[in-house]
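Q: Please take a close look at one part of this structure: the place where two helices pack, and the aromatic rings elsewhere in the chain. I am new to it, so short sentences would help.

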Amino acid sequence: MRLSTGIAVAALSGLTTAAVTEQNADKDARVYHLMTSSRRHEIPKDTPQLPKEVARHIFLQRTSPRTGYGSDLRDLPKSLDTDAAVSYIARYGKKPLSIFSKDKKTDRSQLVVIIEGATSENVRPLVEKLDQSEQAAGFIIPNPPSAVANGHLMDLFDSMGVVPPTQQCDLESAVNPFDSSCWATMAAVLRYDLKKTPSTTQTLLDNFSRLTKFVDSGDLEATLVLMPESSRSSKIHHWSALAAGDAADLRRRHNRDAEAVITDVRVPPATTNPSPSDFSAAEKSPSDKTKKPAAKIPQCFNTFNNCMSKTNSCSDHGKCVDKFASKSGNASSLAEGAKVCFVCACERTVVDPGKGETHVGIKTVSWGGNMCQKQDVSVPFWLLAGFTVTIVGAVTFAIGMLYGIGSEPLPGVIGAGVIRSSK
């Protein structure tokens, strides 16, 4: 009797624990990092819980250039433990490049997929697939923000130039880091809602082997963010309330070439995980319209219209052309499937100051840069440098020639007439 009672109590305890775990899974956001097989030993046994502000910094650090993301973390609430936040950014963010590394790949493409409307039912096959391939969750985000906050975060990614056009890039193409329709830079961020596109999880499952192949080869690092359905109507409208209230300062820090996230921080052991009480929630703020940070211009654009709009018509100093097109300029002459890369072809402008007392004549100005925003002064520089070198060389040659002539001895006849005879 006692044995059967113990078995029943143990079974009931297991069912209660599973129910609580499943309930928490429907409330918390889960972040999965797909990493190479050589780095899977870094996955901690216990999944830590990180606040949304730290998770936001991890996403930004992964999708920003190596020198384009600062480490000051001034937009974090003062109640957060900064040292702990930095250590987790160093663990789950983009790994620094070592000068002694033998890896020929200088950098890996970064893919971030945000999936909204996740429940324990509609993402169960995907989670099971991740667990079977030893791709455990990186961390959990308790009390995740709303869909409005995700929209603000995507606006920030869009201003960074890492959000590919949805009409050209689908999830099947995004898992291939060599597909030019999705990868104009070294990072790509995609957002899907399972209510609108319920086939997203099946698409990931169908292309999971391709995804892990690029990850294991070192060409790609992928991050999957599963946002629960319960967070859709959350009252938290920003991933970082302080950053939303100080957009101008965030824009300056994003454009500044700053040191990458601290790389020599000692990461705490994987067994020590912060509790939710260690990180107090940031102050909630209403959804306010903030100014987008300035975008960095990519090296290639997928379409002509995208190139003209992102570069402000090449600063009115040129036009967008496909540098891989034929010399005839006919786009139809491109082979099917050929790579497309629209860039700014800068043109010269003629400046006429007009007639009058200050008239100095017509001047031709050349332009350069990836959006023709810089004045090209290479020709005047080489003219001035060449003229200076020529003048200095001519003067040096003349002085040396005069010195050589003055140091030659006089002829014997002239020397005899000027030498005084001794008696």
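A: What follows starts with the helix packing and then turns to the rings.

The model is predicted. Begin with helix H2, residues 52-63, and helix H5, residues 147-159. Their axes lie 11 Å apart. The packing angle is about 20 degrees. Angles under 35 degrees count as roughly parallel, and H2 and H5 are therefore roughly parallel to each other. The crossing of H2 past H5 is right-handed.

Which residues make the contact? H2 contributes Arg 56, Phe 59, Leu 60 and Thr 63. H5 contributes Leu 153, Leu 156 and Phe 157. Sorted by class, the contact of H2 with H5 has 5 nonpolar residues, 1 polar and 1 charged.

Now the rings. The count comes to 6 aromatic pairs. One aromatic pair joins Phe 178 and Phe 214. Their ring centres are 6.2 Å apart, and the planes stand at 55 degrees, which makes the pair tilted. This pair links distant parts of the chain, 36 residues apart. Phe 178 sits in the loop between helix H6 (171-174) and strand S4 (187-193). Phe 214 belongs to helix H8, residues 208-216.

Are these two rings' residues buried or exposed? Phe 178 has 59% relative accessibility, so it counts as exposed. Phe 214 has a relative accessible area of 15%, so it is buried. The cut-offs are over 50% for exposed and under 20% for buried.

Ring pairs also build a cluster: Tyr 88, Tyr 92 and Phe 139 are linked in this way.

How values were computed
Residues are numbered from 1 along each chain as its sequence is written. This is a predicted model: local features need pLDDT of at least 70, side-chain atom pairs count only at pLDDT 80 or more; totals for chains, interfaces and linings use all residues. Side-chain values use heavy atoms; hydrogens and water are left out. Axes are lines fitted to C-alpha atoms, for helices over the stretch in contact, and angles run from 0 to 180 degrees between N-to-C directions. Helices (H or I, at least four residues) and strands (E, at least two) are DSSP runs, numbered from the N terminus. Angles under 35 degrees count as roughly parallel, over 145 as roughly antiparallel, 65 to 115 as roughly perpendicular and the rest as oblique. A crossing is left-handed if the near helix is turned anticlockwise from the far one by less than a right angle, and right-handed if clockwise. Contact means heavy atoms within 4.5 Å. Ala, Val, Leu, Ile, Met, Phe, Trp, Tyr, Cys and Pro count as nonpolar, Asp, Glu, Lys and Arg as charged, and the others, Gly among them, as polar. Rings of Phe, Tyr and Trp (its six-membered ring) pair if their centres lie within 6.5 Å; planes under 30 degrees apart count as stacked, over 60 as edge-to-face and the rest as tilted. Buried means under 20% relative accessible area, exposed over 50%, partly exposed in between (1.4 Å probe, protein chains only).
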